Amino acid sequence: MPVLQSDQDEFRLDGEPFRILSGALHYFRVHPAQWRDRLRKARLLGLNTVDTYVPWNLHEPRPGSFTWADGLDLDGFLRLAREEGLYVLLRPGPYICGEWEGGGLPGWLLAEPDIRLRSTDPRYLGAVERFFAELLPRAVPHLAPRGGPVLAVQVENEFGAYGDDQPYLRGLVQLLRRHGVDVPLFTCDQPADLARGSVPGVLATANFGSRVAENLAALRAHRPRGPLMCAEFWNGWFDRWGGVHAARPAAAAAADLDRLLAAGASVNLYMFHGGTNFGFTSGANDKGTYRPTVTSYDYDAPLDEAGDPTPKFAAFREVIARHAPVPDAPLPPPSKKLTRLGITLTSRAPLLAQTAALGDAVPGERPLTLEELAARHGAGNGLGFVLYRTRLASAGPVLLHAPGVRDRAQVFVNMQPAGVLERESHEEALTVTVPAAGAELALLVENQGRVNYGPGLHDRKGLTGPVTANGAPLTGWTSTALPLDDLSGLDFADSGPLPVAGPAFHRGEFDVAEPADTYLDLAGWTKGCAWVNGFALGRYWSRGPQRRLYVPGPVLRRGRNTVVVLELHATARPAVDLRDTPDLGPTQE
């Protein structure tokens, strides 16, 4: 494969002028059976490159335990990109942001109470070095000088928005070079952060979505020589629970893309195809109020969550054709979709009564965080839920004070619902009625997503502080991590009357003649998570904006299929639907 070089103010590929026309496509947000389809559509748009992050937290879910299989087969993704005639910009972090859980940093790092992430803290750097020692030998054979598609590798990610630590950034550069990364390196930052986030001798790029002339001028002022590149051209945006679906008009985004290309700059569309935050992988933001991100990462991108072209695809293709060759082929049609209405969920497994099938209880004088459970007790992976149990010494009204709920706690007394404490609502106290001395207090705490951007990255989960009852500290706890990555041990029984109080798994079956993409509609349900054939689709929440969960066609099979819904509160409707259209909620441009 040709080798990328910088020559004065342009890129060159084997000596010839070259413009990077890239689109972000995260392999871990797309079912692997659909990777080739998405890559092929990138070529049809007129792109010559795709860009992907590498999520450290998925590849190393527990300290020293690595996985590279199935949807995390980075080697397979890079090979497919090469087969489809695309180059790759590889962004290995270690921090990636991306509205991803913890910005890609493993939660178990936070088991150390005073660790400093994204710094020269030797505990953090030691973990980074261990991860890179596993990752980079897999990536180096795919670098362009060795015949692979990877043209360039990013150092960290938008570091200028976080800190000003040149020794840390230079150390990452040296680490990449030590492991054989011999392609150009680059940093990316928002224009105001370029001075803090760039490294001498490393290509600096800028991230923005509008004000093209102003932002390119800021990049040129920072680096008087070198190629101009927008490493994240924000053509859409992400959504948060309780908000609206963000959208950017195709015409406005296309006009800014045209200005960018007319200026001679290279570009990476963020996103070309957003995909999905499957399972418990969505992140959160906290600028004074905690705001968790929804399951869909549709991002109002040129390809929607199901990989179908949107109006933005056609508008961008027209713009790109003014500046570069575009394949002479028709626009790809939407994929076939499946509809099945009224799938009855006929059996049920109460969560509180079956936690032994989902995780091991760890005793302690105080509640243990999800990070402590994963790193020190091998319990869970830092994602999902954690159940805390203790006993209350006295009967009557009891004021519970729990200032460290991260992120949402359902409170139970003798397994009966007693209230909810939400971090997002800044709730810390709740009065419960205790029927008798010795009653069991349980708190089911959901990790709704670690903060992925800014100073709030040190976002520990579970009960992160003491819990008091009428001012007296509660002790003698058990802490049970519930990653919900294996539901095979649950004992389902026929469902009784509805509604059902408290968290419970509901299971149903349906038949499919021909698998196809579809959307799980949970109208009538309140809050929880869903699985189809054991594949974790993600979270749902009636507060919206997202109303339906994307189900990739490859998850389904001909014949009998199973759907499981964990409802945390109650439902009066023992059924779900599969619809042929998404519902991401009301839109705000």
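This passage describes selected strands, helices and loops of a predicted model.

The strand β4, which spans residues 21–25, is considered together with the elements around it. Of its 5 residues, 5 are buried, so that β4 is largely enclosed by the rest of the structure. The covering concerns both faces of the strand: L21, G23 and L25 are buried on one side, and S22 and A24 are buried on the other. Two neighbouring strands are joined to β4 by bridges, namely β12 and β5. Strand β12, made up of residues 266–273, runs parallel to β4 and is joined to it by 4 bridges, with V267 of β12 serving as the bridge partner of L21. Strand β5, made up of residues 49–53, likewise runs parallel to β4, in this case with 3 bridges between them, and here S22 has T49 as its bridge partner.

The connection from β4 to β5 involves helix α1, residues 35–45, and the three elements make a right-handed β-α-β unit. Helix α1 also packs against helix α3, residues 74–83, through contacts in which W35, R36 and L39 of α1 meet G76, F77, L80, A81 and E83 of α3. The axes of these two helices come within 10 Å and cross at roughly 40 degrees; α1 and α3 are therefore oblique to each other. The crossing of the two helices is right-handed.

A further sheet is found elsewhere in the chain, where 4 strands are arranged in the order β22-β18-β25-β26, forming an open sheet with antiparallel pairing. Its edge strands are β22, residues 429–434, and β26, residues 472–473, each of which pairs on one side only. Within this sheet, β18, which covers residues 396–401, pairs with β22 in the antiparallel sense over 6 bridges, and P397 stands opposite T433 of β22.

Helix α10, residues 370–377, has L370, E371, E372, L373 and A374 as its buried residues. The elements that cover these buried residues include β16, β17 (385–391) and β27 (477–482). After α10 comes G378, a residue whose phi is positive, near 60 degrees.

Two loop residues were also examined, and T355 is placed in the loop between β15 (340–350) and β16 (361–364). With a relative accessible area of 8%, T355 is buried, because the cut-off for a buried residue is under 20%. When residues up to four places away in sequence are not counted, T355 touches L387, R389 and L482.

The other loop residue, S198, lies between α6 (194–197) and β9 (203–208). Its relative accessible area is 6%, and S198 is therefore buried by the criterion of under 20%. Apart from neighbours within four places in sequence, S198 is in contact with Q166, L169, T187, D189, A204, H222 and R223. For one of these contacts, the one with R223, the separation of S198 and R223 is 25 residues in sequence, whereas in space the C-alpha atoms of S198 and R223 are 9.9 Å apart.

Terms used:
Residues are numbered from 1 along each chain as its sequence is written. This is a predicted model: local features need pLDDT of at least 70, side-chain atom pairs count only at pLDDT 80 or more; totals for chains, interfaces and linings use all residues. Side-chain values use heavy atoms; hydrogens and water are left out. Buried means under 20% relative accessible area, exposed over 50%, partly exposed in between (1.4 Å probe, protein chains only). Two strands pair if DSSP finds at least two bridges between them. A crossover is right-handed if, with the strands pointing away from the viewer, the path from the first strand over the helix to the second runs clockwise. Axes are lines fitted to C-alpha atoms, for helices over the stretch in contact, and angles run from 0 to 180 degrees between N-to-C directions. Angles under 35 degrees count as roughly parallel, over 145 as roughly antiparallel, 65 to 115 as roughly perpendicular and the rest as oblique. A crossing is left-handed if the near helix is turned anticlockwise from the far one by less than a right angle, and right-handed if clockwise. Contact means heavy atoms within 4.5 Å.
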